[in-house]
Amino acid sequence: METRDAALALLRPEIPSAKVTPMMSDEEYFQNTTLRPIAKLQNELLIKVFKNYVRKHKNVFYNLPIQKRLEYVGNSIQKDMKFRNSLKGIMIGQFTIQEYEVYTENSSALNKRMMNLVKERIKSNIQLLEYA
């Protein structure tokens with residue numbers, strides 16, 4: 001029987017552009033080997049969760065011009081702690097035990113990287129965020 005960690009690792013997509021070099025910091029290494037593949041794996045869920053967030057906030061997002069929509073994404077992730085914690089949970093739930101241990105050693109810096117990745121992923125899919 002496969003372990004949870006092995007199964008999680010098999011699910012993750014490869015990201016050829018996520019370079020790993022001996023000179024990078026531990027945080028950058030974790031970002032490229034763990035956070036980026038998880039963000040890519042969870043992309044559809046992250047978009048769906050954001051759409052639900054917009055719906056719960058009276059669909060104001062859909063009446064904004066594109067620049068304001070991009071700002072709305074950033075502000076919602078930055079300022080709404082409940083939403084931010086939900087997004088973190090979506091990412092952290094995909095960590096292996098070893099990755100979680102690494103994460104707990106420097107969670108503050110890794111949270112920033114994680115939320116920046118999530119924010120950029122949602123922004124890059126802004127065309128999918130039309131009222132439906």
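**Helix packing and aromatic pairs**

User: α3 passes α5 in a right-handed crossing; are α3 and α5 roughly parallel or roughly antiparallel to each other?
Analyst: The model is a predicted one, and in it the axes of helix α3 (residues 43-56) and helix α5 (residues 81-92) come within 11 Å and cross at roughly 165°. Angles over 145 degrees count as roughly antiparallel, and therefore the relation of α3 to α5 is roughly antiparallel.

User: Which residues in α5 are met by Leu45, Leu46, Val49, Phe50 and Tyr53 in α3?
Analyst: On the α3 side, the contact is made by Leu45, Leu46, Val49, Phe50 and Tyr53. By class, this contact of α3 with α5 holds eight nonpolar residues, with no polar and no charged ones. The residues that α5 brings to the contact are Phe83, Leu87 and Ile90.

User: Which residues form one aromatic cluster with Phe50, Tyr53 and Phe83?
Analyst: Phe50 and Tyr53 in α3 and Phe83 in α5 take part in the contact of these two helices. The cluster that holds these three residues also includes Phe61, Tyr62 and Tyr72.

User: How are the rings of phenylalanine 95 and tyrosine 103 arranged as a pair?
Analyst: The count of aromatic pairs comes to 11. In the pair of phenylalanine 95 and tyrosine 103 the ring centres lie 5.4 Å apart and the planes stand at 65°, so the arrangement is edge-to-face.

User: Is tyrosine 103 buried or exposed?
Analyst: Phenylalanine 95 and tyrosine 103 are alike here, as both fall in one class of accessibility. Residues under 20% relative accessible area belong to that class, and because tyrosine 103 has a relative accessible area of 7%, tyrosine 103 is buried.

User: How is the pair of tyrosine 100 and tyrosine 103 classed by the planes of the rings?
Analyst: Tyrosine 100 and tyrosine 103 both belong to helix α6 (residues 97-105), where three residues, about one turn of the helix, set them apart. Tyrosine 100 counts as partly exposed, at 41% relative accessibility. With ring centres 6.0 Å apart and planes at 35°, the pair is therefore tilted.

User: Is α6 roughly parallel or roughly perpendicular to α7?
Analyst: Helix α6 packs against helix α7 (residues 107-124) at an angle of about 110°, and their axes are 6 Å apart. Because angles of 65 to 115 degrees count as roughly perpendicular, the relation of α6 to α7 is roughly perpendicular.

User: How do the residues of the contact of α6 with α7 divide by class?
Analyst: From α6, Val102, Tyr103, Thr104 and Glu105 take part, and they meet Ser107, Leu110, Asn111 and Met114 in α7. The division of these residues is four nonpolar, three polar and one charged.

Note on methods:
Residues numbered from 1 in each chain as written. Predicted model: local features only at pLDDT ≥ 70, side-chain atom pairs only at ≥ 80, totals over all residues. Heavy atoms only, no water. Axes fitted to C-alpha atoms, helices over the stretch in contact; angles between N-to-C directions. Helix = DSSP H or I, 4+ residues; strand = E, 2+ residues; numbered from the N terminus. Parallel < 35°, antiparallel > 145°, perpendicular 65-115°, else oblique. Contact = heavy atoms within 4.5 Å. Nonpolar A, V, L, I, M, F, W, Y, C, P; charged D, E, K, R; others polar. Phe/Tyr/Trp six-rings, centres within 6.5 Å; stacked < 30°, edge-to-face > 60°. Buried < 20%, exposed > 50% of the residue type's maximum accessible area, 1.4 Å probe, protein only.
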